[in-house]
Amino acid sequence: MKRKQTFLTKLRINGAYYLIGALLLLAGVPLYQLLVLLPQGYADALASAGKGSFSSYVLWIGNHLGQFLGYRALLVISFAVLLSLPFTLFRIIVAQEILGQEEEGMEEETEEIESTETQNPDGMPAYAWRGKGFAVLAAWSGLLSIILYTLGTLASAVYLAVVSSTFSGHTPNTSTASNFSTIASALSIISNTIGGGLLALSCLFFGAIIARRGLKLWPGIWVAFGYTALAVAALLSGSAVAVASAPTEGQAALTTPAILLFALWVLWFAIMLIRLKPEV
């Protein structure tokens, strides 16, 4: 009983972190763009970079370095607090699958799982990974995606800050474009294409696992949550492909809708975790 309460408390704490990340993505980042970046001409500078005029973009960053780094810091924090989300969802899926096996009368497997000698300190069975291949892939691809997006965004911010500090309006555009395009494109692909693609794969597997069992195993709100994950996966995969085709632009038309829908999905998950109650 104490171990179950500890696990439940940990889920609620994780839910609070995910709530912070979701709110930052849904409100913090857009408001920062609207109130801080756009009045300073950020949209025009970003559009210039997308057209190949990197000097205007780098010059803008140099003149607004604090605002730019503040924006990137919000993005990094938003995803960093979601680092444990994939494996939290994995553990919930495993626990629900175990519950379903118990209800279906799978006595031998239940006895093996419920044995106190086969439980880990976090309350999960030692053999929880067995037979959960797609869930394992979803968890690991989700973790890698968040790591890549966070590190890619951080590395891009540092690189742009360094370049802008040595750049002036008298610097020829060709000298800026020579290496800037290649490095900026590579960092964009790491975070938005590889990271976004892995996140899409994670959402796809998680959503499919929940939708496959449907109402036979999951409450209705969780089934809807699973189908929403499939929609998130579709938008994220479209964004990843679009960014790969034009990496110098940094984002694609689908990127913002994909991130916002992902943030709503995370917010949904966070609220469900916070509202979890112990079984009577």
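**View 1. The largest cavity in the model.** About 120 Å³ of space sits inside the largest cavity. Keep in mind as you look around that this is a predicted model. The lining of this cavity takes in 13 residues, and the ones nearest its centre are Y149, N192, G196, L236 and I259. Which helices supply at least two residues each to this lining? They are helix 7, helix 8 (173-213), helix 9 (220-245) and helix 10 (255-274). Helix 8 gives the most, with four residues. Sort the lining by class and you get six nonpolar and seven polar residues, with no charged ones.

**View 2. The second largest cavity.** Empty space like this shows up when a probe the size of a water molecule is rolled over the atoms. The structure holds two cavities of 30 Å³ or more, and the second largest has a volume of about 40 Å³. To find its walls, look for L85, P86, I146, L199, S202, C203, F206, F262 and W265. Helix 5 (85-103), helix 8 and helix 10 each bring at least two residues to this lining. Once again there's a main contributor: helix 8 gives the most, with four residues. This lining is made up of eight nonpolar residues and one polar residue, with no charged ones.

**View 3. A salt bridge between helix 5 and helix 8.** Side chains of opposite charge can pair when their charged atoms come close. How many salt bridges does a search of the whole structure find? It turns up two. One pairs E97 with R212, and their closest N and O atoms are 3.8 Å apart. These partners come from distant parts of the chain, 115 residues apart: E97 belongs to helix 5 and R212 to helix 8.

**View 4. Helix 3 against helix 7.** Here helix 3 (residues 54-63) packs on helix 7 (residues 133-165), with the axes 8 Å apart and an angle of about 90 degrees between them. That angle makes helix 3 roughly perpendicular to helix 7. On the helix 3 side, the contact is made by Y57, V58, I61 and G62; on the helix 7 side, look for L160, V163 and S164. By class, the residues of this contact are five nonpolar and two polar, and no charged ones take part.

**View 5. Helix 3 against helix 4.** Stay with helix 3 and turn to helix 4 (residues 65-80): the two axes come within 5 Å and cross at roughly 95 degrees. So helix 3 is roughly perpendicular to helix 4. Which residues make the contact? Helix 3 puts in Y57, W60, I61, G62 and N63, while helix 4 puts in L65, F68 and R72. The class count for this contact is five nonpolar, two polar and one charged. If some of these names ring a bell, that's fair: Y57, I61 and G62 are among the helix 3 residues in the contact with helix 7, and Y57, I61 and G62 are also among those in the contact with helix 4.

Terms used
Residues are numbered from 1 along each chain as its sequence is written. This is a predicted model: local features need pLDDT of at least 70, side-chain atom pairs count only at pLDDT 80 or more; totals for chains, interfaces and linings use all residues. Side-chain values use heavy atoms; hydrogens and water are left out. Axes are lines fitted to C-alpha atoms, for helices over the stretch in contact, and angles run from 0 to 180 degrees between N-to-C directions. Angles under 35 degrees count as roughly parallel, over 145 as roughly antiparallel, 65 to 115 as roughly perpendicular and the rest as oblique. Contact means heavy atoms within 4.5 Å. Ala, Val, Leu, Ile, Met, Phe, Trp, Tyr, Cys and Pro count as nonpolar, Asp, Glu, Lys and Arg as charged, and the others, Gly among them, as polar. On a 1 Å grid over the protein atoms alone, a cavity is a set of points where a 1.4 Å probe fits but cannot get out, and a pocket is an open set with protein on both sides within 12 Å along at least five of seven lines; lining residues have an atom within 4 Å of a point. Grid points are joined across faces, edges and corners, and a volume is the space filled by probe spheres set on the points. A salt bridge is a side-chain nitrogen of Lys or Arg within 4 Å of a carboxyl oxygen of Asp or Glu.
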